[in-house]
Amino acid sequence: MYKNLKILDEKDKMLHNKCVNATFPLTDEDKNLINNALEYLRLSQDEEKAEELGLRAGMGLAFPQLGSLKNIFVVSYMQEDGSFLEYTVINPTLISYSSELIYVEEGEGCLSVNREVEGIVPRHARITVGYYDTQGNYKEERVREEIAVAFQHEMDHLEGILFTDKIDKKNPYKNMDTMRSI
């Protein structure tokens, strides 16, 4: 059963704070927030359900967007066959990244930014991230393309950075010709 999430707007100062590491075992509140966030993302990517429930499409949510300053984010990506590739990432660290830079051609979006934003955000095409799962087990994941962008976007949230902060205000498409669009 879907429970409506309160996603903070970019004007909320909480979104500009750094998060602290989550501790294990996770609280019931943390587990519920993870499950509700994943459910939101799944439903938001189903056009019919999203319209019915009034949800904006999203691929990731970080805990600060939900009012909790813990280093936790989730990503849910609908694959071509309709199944979801999902990650729950707790206390992430960036281990390595490619030198190749990419950007989202139609521009990045964010469930906390309810407006059109001109410009591009340079992201690494591939990254390796160390993190913990909900049981406290350490994992390393190498992600690429859209998933790499989502991970970097959500990791920025944990540092109090919005994607709009990364767009050059004077030249929103700066160095676009040195990157690959996805």
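**Exercise 1. Strand pairing around β2**

How many bridges join strand β1 (residues 60-62) to β2, and do the two run parallel or antiparallel? Work it out on this predicted model, then follow β2 to its other partner, β3.

*Solution.*
- Step 1: Start with β1. There are 3 bridges between β1 and β2, and the strands run antiparallel. To find your place, take glycine 60, whose bridge partner in β2 is valine 75.
- Step 2: Turn to β3 (residues 84-97). β2 is joined to β3 by 7 bridges, again in an antiparallel arrangement. Here valine 74 stands opposite threonine 88.
- Step 3: Look at the connection. β2 and β3 make a hairpin with 5 residues between them. In that turn, glycine 82 has a positive phi of about 90°.
- Step 4: Check the cover. Of the 7 residues in β2 (residues 72-78), 5 are buried, so the strand is mostly covered.

**Exercise 2. An open sheet**

Find the order of the strands in the 3-stranded open sheet, and say which strands lie at its edges.

*Solution.*
- Step 1: The order is β5-β4-β8, with mixed pairing.
- Step 2: β5 (123-124) and β8 (180-181) are the edge strands, as each pairs on one side only.
- Step 3: For the β4-β5 contact, 2 bridges join β4 (residues 101-103) to β5, and these strands are antiparallel. Isoleucine 102 stands opposite arginine 123 in β5.

**Exercise 3. Nonpolar cores**

Which elements give two or more residues to the largest nonpolar core?

*Solution.*
- Step 1: The largest core holds 19 residues. Those with the most contacts inside it are Leu5, Ile34, Tyr40, Leu61, Ile72 and Val74.
- Step 2: The elements giving two or more residues to this core are α1 (28-44) and β2. α1 gives the most, with 7 residues.
- Step 3: Another core, of 16 residues, lies apart from the largest one. Among its members are Ala62, Val75, Ile147 and Met155.

**Exercise 4. Helix α3**

Compare the expected span of α3 (residues 145-158) with the distance between its end C-alpha atoms, then decide how enclosed the helix is.

*Solution.*
- Step 1: With 14 residues at 1.5 Å a residue, α3 should span 20 Å.
- Step 2: The end C-alpha atoms are 20 Å apart, which agrees.
- Step 3: Of the 14 residues, 13 are buried, so α3 is largely enclosed by the rest of the structure.
- Step 4: Just beyond, α3 is followed by glycine 160, with a positive phi near 80°.

**Exercise 5. Salt bridges**

Trace the salt bridges of glutamate 100, then treat the pair of aspartate 156 and lysine 166 in the same way.

*Solution.*
- Step 1: The total to keep in mind is 13 salt bridges.
- Step 2: Arginine 126 meets glutamate 100 at 2.9 Å, N to O. Arginine 126 lies in β6 (residues 126-132) and glutamate 100 in the loop between β3 and β4, so the pair ties together parts 26 residues apart in sequence.
- Step 3: Glutamate 100 also forms a salt bridge with arginine 180, with the closest N and O atoms 2.6 Å apart. Arginine 180 lies in β8, so this pair ties together parts 80 residues apart in sequence.
- Step 4: Glutamate 100 is partly exposed at 27% relative accessibility, and arginine 180 is partly exposed at 33%.
- Step 5: Put the partners together: Glu100, Arg126, Glu145 and Arg180 are linked in a network of salt bridges.
- Step 6: In the remaining pair, aspartate 156 and lysine 166 have their closest N and O atoms 3.4 Å apart. Aspartate 156 is in α3 and lysine 166 in the loop between α3 and β8, 10 residues apart. At 11% relative accessibility aspartate 156 counts as buried, while lysine 166, at 36%, is partly exposed.

How values were computed. Residues are numbered from 1 along each chain as its sequence is written. This is a predicted model: local features need pLDDT of at least 70, side-chain atom pairs count only at pLDDT 80 or more; totals for chains, interfaces and linings use all residues. Side-chain values use heavy atoms; hydrogens and water are left out. Buried means under 20% relative accessible area, exposed over 50%, partly exposed in between (1.4 Å probe, protein chains only). Helices (H or I, at least four residues) and strands (E, at least two) are DSSP runs, numbered from the N terminus. Two strands pair if DSSP finds at least two bridges between them. A nonpolar core is a set of buried Ala, Val, Leu, Ile, Met, Phe, Trp, Tyr and Cys residues joined through side-chain atoms within 4.5 Å. The expected span of a helix is 1.5 Å times one less than its number of residues. A salt bridge is a side-chain nitrogen of Lys or Arg within 4 Å of a carboxyl oxygen of Asp or Glu.
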